[in-house]
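Student: Please take a close look at the sulfur chemistry in this one, then work outwards from there. Keep it informal, but give me your cut-offs as you go.

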Amino acid sequence: MFSWATLGPVVVVEQTMNATGYLNMITDQLHPNMAYVFPAGNGMFQLDNAPCQKFKIVLEWFQEHDAEFQLMSWPPNSSDINPIECIWDVMGWQLRVQRPPIRNISDLCDRCLNIWYNLSPAIYQGLVASMRRRV
């Protein structure tokens, strides 16, 4: 997750994401971070209709917590309007130019974390500003 003010923690998922795993990630990671970043409950969270986001248990959880943050819903597979895709593109570009080449999965994870935690605030602030114009 990211906001105008900060990048959230990276959650490395080592298996295919299902509804239970997604819900656990939301309750364990997203929810506490949203409460910290948006203590007044005025944050927004974007669903992009990934299969794990459409299960009843996930949608019910979001309904139960609708006073804490607003859901932004988007058409499926619309990466052109999903701001996190822009960050993934920046990270991919930075990974491709790094030397020495990536040796293994552990090296890839370490480099991704390093890039994420060193992203320029101008990148995610610009994305948030562009999304505000669309809402």
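Tutor: Start at Cys109: the closest cysteine sulfur, in Cys112, sits 6.6 Å from the Cys109 sulfur, too far for a bond. The cut-off here is 2.5 Å, since a disulfide is a pair of cysteine sulfur atoms within that distance. Cys52 is no candidate either, because the sulfur closest to its own is the one in Cys109, 18 Å away and too far for a bond. So a search of the whole structure comes back with 0 disulfides, that is, no covalent bond between the sulfur atoms of two cysteines.

A word on what you're looking at: this is a predicted model, so local features need pLDDT of at least 70 and side-chain atom pairs count only at pLDDT 80 or more, while totals for chains, interfaces and linings use all residues. Residues are numbered from 1 along each chain as its sequence is written, and side-chain values use heavy atoms, with hydrogens and water left out.

How covered are those cysteines? Cys109 has 27% relative accessibility and counts as partly exposed, whereas Cys52, at 10%, counts as buried. The labels go like this: buried is under 20% relative accessible area, exposed is over 50%, and partly exposed is in between, with a 1.4 Å probe and protein chains only.

Staying in this stretch of sequence, Asp107 and Arg111 are both in helix α4, 4 residues apart, which is about one turn of the helix. (Helices are DSSP runs of H or I with at least four residues, strands are runs of E with at least two, and both are numbered from the N terminus.) Asp107 and Arg111 form a salt bridge, with their closest N and O atoms 3.1 Å apart; the rule asks for a side-chain nitrogen of Lys or Arg within 4 Å of a carboxyl oxygen of Asp or Glu. Both partners are under cover: Asp107 is buried at 9% relative accessibility, and Arg111 is buried at 11%.

The count by this rule is 2 salt bridges, so who are the other partners? They are Lys56 and Glu60, whose side chains meet at 3.8 Å, N to O. Lys56 and Glu60 are 4 residues apart in helix α2, so about one helical turn separates them. Here the setting is more open to solvent probes by the labels: Lys56 counts as exposed at 62% relative accessibility, and Glu60 is partly exposed at 33%.

Now for the rings, where the whole-structure search finds 3 aromatic pairs. Phe45 and Phe62 form a stacked one, 5.6 Å centre to centre with 20° between the planes. Rings of Phe, Tyr and Trp (its six-membered ring) pair if their centres lie within 6.5 Å; planes under 30 degrees apart count as stacked, over 60 as edge-to-face and the rest as tilted. Phe45 belongs to strand β1 (residues 43-47) and Phe62 to helix α2 (residues 56-64), so this pair ties together parts that are 17 residues apart in sequence. Phe45 counts as buried at 14% relative accessibility, and Phe62 is buried at 4%.

Back at helix α4, Trp88 and Trp116 have ring centres 5.9 Å apart and planes at 35°, so their pair is tilted. Trp88 is in helix α3 (residues 83-97) and Trp116 in helix α4 (residues 105-117), so the pair ties together parts 28 residues apart in sequence. Trp88 is partly exposed at 42%, while Trp116 is buried at 2%. Ring pairs also link Phe45, Trp61 and Phe62 into a cluster.

Between α3 and α4 there is a loop, and Pro100 is found in it. A cis peptide bond joins Arg99 and Pro100, with omega about 0°.

Zooming out, the chain has 5 helices and 2 strands, running α-β-α-β-α-α-α from the N terminus on. The radius of gyration is 16 Å, close to the 14 Å that the globule rule gives for 135 residues, so the chain is as compact as a globular protein of that length. (That radius is taken over C-alpha atoms, and the rule is 2.2 Å times the number of residues to the power 0.38.) Residues 24 or more positions apart account for 74% of the contacts with a separation of 6 or more, a contact being heavy atoms within 4.5 Å. Finally, buried residues make up 32% of the 135 residues.
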